[in-house]
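Here are a few friendly notes to read with the model open beside you. They go point by point, so feel free to rotate the view as you read.

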Amino acid sequence: MIRFIITRLLLLVLGLFVASALIFFTLRVLPGDVAQVIGGTQATPAQIEAIRRSLGLDRNVFLQYADWVGGLLRFNLGDSLVTGTPVATEIAEKLSVTLPLALLSLVVGLLIGIPLGVVSAIRHAKASGAVIAISAQALAAVPAVWAGVLLISLFGLALRWLPTQGFPLDGWDEPGRAIRSLILPALTIGVIEGAVLLRFTRSAALEAIGQDYVRTAAAIGLTKTRALLTHGLPNVMLSVISSLGLQIAGLIVGAVIVEQLFQLPGLGRMLVSDVGNRDLPKVQGDIFTLTAIVLLVGFAVDIAHRLIDPRQRTEVSS
Amino acid sequence: MALRLGKQSHLGKKTTGRRVLVAASIAVTAALVMTGCTGGGDNAGTLPTVNVGLILEPTNLDIRTTPGIAIDQVLIDNVYQGLVGRTPTNDIVDVIAKSHSVSDDGLTYTFPLNSGISFGDGTKLTADDVVWSIDQVRTNEAYAGNADLADVASVKKDGDDTIVITLSKPNSNLLWALSGRAGLVLEKAATNTLKTTANGTGPYKLSSWKQGDSLTLVRNPDYWGDKAKVGKIVFRYITDPSAQANALVNGDTVVQTQFDATLTKQLESDPDLVVHRGKTTDKYTLAFNNAVAPFTDLRVRQAIRQAIDVKAILKTIGGAGVAQGGPIPQIDPGYQNLDSVDAYDPENAKKLLAAAGQTNLNLTLTIPNVYGTTVADVLVSQLAAVGITLKVDSVEFATWLNDVYTNHDFQLSYVDHAESHDFGNWANPEYYFGYNNPTVQALYAESLAATDPAVVTAKLEEAAKIVANDAPAEWLYTATTLTVIKKGVTGFPTDSTTARLNLAKLSVKS
């Protein structure tokens, strides 16, 4: 087990390192730079060159990379070229919107996906099961933007129950308003993620129903539902957990789009405007943080999977 | 087996527990939904808070080194003030200066100062602050407005309450320049970071800036003039037009500037929202790269202008603009109606192209993606009608700055030139237009050197006419800007709101 964790840890570090190089050098290919954006349409070429020099953009690109990685090792993401504020501070502030949004979406997704997935598996031969499965198929194909617009027009504009955009100025100092402003965005992501999760749960549960141990449990007198819930569910949960790594990457991609739609001041929206400004230290920091979150979740899922599944534990020790 | 059954009952309990938990969390959420209703009124005493929707957010707040109107819009007049300022229709007014006078030779400008002025941080304003501020811009090439002060020979104080600016040669644009970045007065002794904070003499103080979201001003209780009637102004940056409409209908904002004219129907459900139309100097310019073929041929440039039906374009943008036949918009000096020059005439356009030997022309239009493609689509079909195939290349603004503005690597470009008094771009052969006409350059120089305003206007008119006849671009339209204001909100300007928003007189009827 320890060897397993060490290998995974080494892979994680290697993954982060490769990601840092990919992020840094891909961004250097983008046309245009921050000096031009700061200068705008009124600056002379001499002024732009002066801005470029003062920001250190004329330095060797490999030196710049070495500086950045050196900073990363000390948990220092550098300063924004546009505002001069530390990138890490900015990201931490935006994560206070994006992380709760992702968590809330995950909760919505799990609440929808797992129970309905199990129900549709148990009733797979009945009309109600088929309806659930088909709706999930359809829902999973809905673009987040469209779902968001529908939710906005229903709950925001027609019923006026919830705010359609924005986040309270004082952030989490106004917890009621903060949560209210996250409900529609979280539903937008959560419902779609839930539909994906539902299909996952359904096929895992269907497989479990066909297994000997569930049939045996049914044979000794449990109802089929009971048998599945008692003996099949742990196995279903295993495949759900292993799909969570991908699901969370999906949640984060969803957050980028949905933050734009609902004008939430989160990491995704900041990323879009940073790319527009060519504020590369911030873009690097944003993407690296997102990559690190996805890789860390993957790492945690691997370990959790290993710990929960007794079959894998035995394989290692033998 | 017994063990397993035991586990089962345990699981049963757990499920009930979970159910209670889920029910509880739903109840809590519901309670929050019910109770957490509507904000507003915050803590700035009994004075109201006004939420204003804007589109373009500043990249940073450095009024000295970061050009761009997004900073001017929120900070000039409200937080920073200059010796002189400008009205929404671009007339010059005194602000920190009590009055101003110009000597007959046009070389000496005298500004007696108002008394009792202090900065937002409480420090009294002195004549030294004014001299220092203008000298900073004058001597530092990286400062916005530096080029506007090229003719200034000295800035001095005469006693403690008068400023005298001496020029090396007359410059009719000086007062205009001083009403912009070049004339703003900052505190010499202040040490605040300009990129994220601001300290000026205006009726409001900058309270906070949440990047990517909002910027908040609070009333300056010690303002030297008439104090503000609202406690707090929150500028919310909302780029998506539908989200702007939703915010208005929902009451999240009570004012929205630069509203999309094609979406006014969405506001009809709220009879208290009034749409105001205002003038701007936003010149939506389809520029040709005059330095390269085929645009070196006058006939090709004229043909493109004549192939374009401006009326049809105005229709697609919901009527939010007026035709602009030449380089100068209506509210700038030197404007004259030049709509008849190269007016819409597709048949003649075809003849011109045939005469130029360009019957099968393939052109590329580079357009920043912030403008959408509605207008570009119309251009494609209008140019197709005269035999020109137009490819639209929609790029990020940063890419446009790099390829078109800096490297002049383009054929046709479409952007909004929002600045007022920017005719000088047509007299600058280095500008991305690549337009080089020595007569125009000489006339512009003469207009700057003139001391009589009538001569200034006459020279600009003459130059503008030559530019229009040279067809270096098609001026598609000057934008009419839509400001949506909720009834009860008064004192919000509706002209030139894309450049300035003087909110000193803003008030709300409760």
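**Notes on a helix, an interface and a helix pair**

1. Let's start with α3(B): its face turned away from the buried side carries Asp128(B) and Thr139(B), which are exposed. Please keep in mind that this is a predicted model.

2. On the other side of the balance, Asp129(B), Val130(B), Ser133(B), Ile134(B), Val137(B) and Arg138(B) are the buried residues in α3(B). Around the axis they span an arc of only 165°, so they sit on the same side of α3(B). The cover over these buried residues includes β6 (152-157) and β7 (162-167) of chain B.

3. The length of this helix checks out nicely. Helix α3 of chain B has 13 residues (127-139), and at 1.5 Å a residue they should span 18 Å; the end C-alpha atoms are 18 Å apart, so the two agree.

4. Now to where the chains meet: chain A gives 43 residues to the contact and chain B gives 41. On the side of chain A that touches chain B, α2 (34-39), α3 (45-54), α7 (144-158), α8 (175-209) and α11 (267-277) each supply at least two residues. The largest share, five residues, comes from α11(A). By class, this side of chain A has 18 nonpolar, 20 polar and five charged residues.

5. α11(A) also packs against helix α10 (residues 224-261) of chain A, at an angle of about 80° and with the axes 7 Å apart. The two helices are therefore roughly perpendicular to each other. Here Ala255(A), Val256(A), Glu259(A) and Gln260(A) of α10(A) meet Gly268(A), Arg269(A), Leu271(A) and Val272(A) of α11(A). That contact consists of four nonpolar, two polar and two charged residues.

How values were computed. Residues are numbered from 1 along each chain as its sequence is written. Chains are lettered from A and ligands numbered from 1 in the order in which they are written. This is a predicted model: local features need pLDDT of at least 70, side-chain atom pairs count only at pLDDT 80 or more; totals for chains, interfaces and linings use all residues. Two residues are in contact if their C-beta atoms, placed from the backbone, lie within 7 Å. Helices (H or I, at least four residues) and strands (E, at least two) are DSSP runs, numbered from the N terminus. Ala, Val, Leu, Ile, Met, Phe, Trp, Tyr, Cys and Pro count as nonpolar, Asp, Glu, Lys and Arg as charged, and the others, Gly among them, as polar. The expected span of a helix is 1.5 Å times one less than its number of residues. A residue is buried if 20 or more other C-beta atoms lie within 10 Å of its own, exposed if 12 or fewer, and partly exposed in between; C-beta atoms are placed from the backbone. The arc is that of the directions from the helix axis to the C-beta atoms. Axes are lines fitted to C-alpha atoms, for helices over the stretch in contact, and angles run from 0 to 180 degrees between N-to-C directions. Angles under 35 degrees count as roughly parallel, over 145 as roughly antiparallel, 65 to 115 as roughly perpendicular and the rest as oblique.
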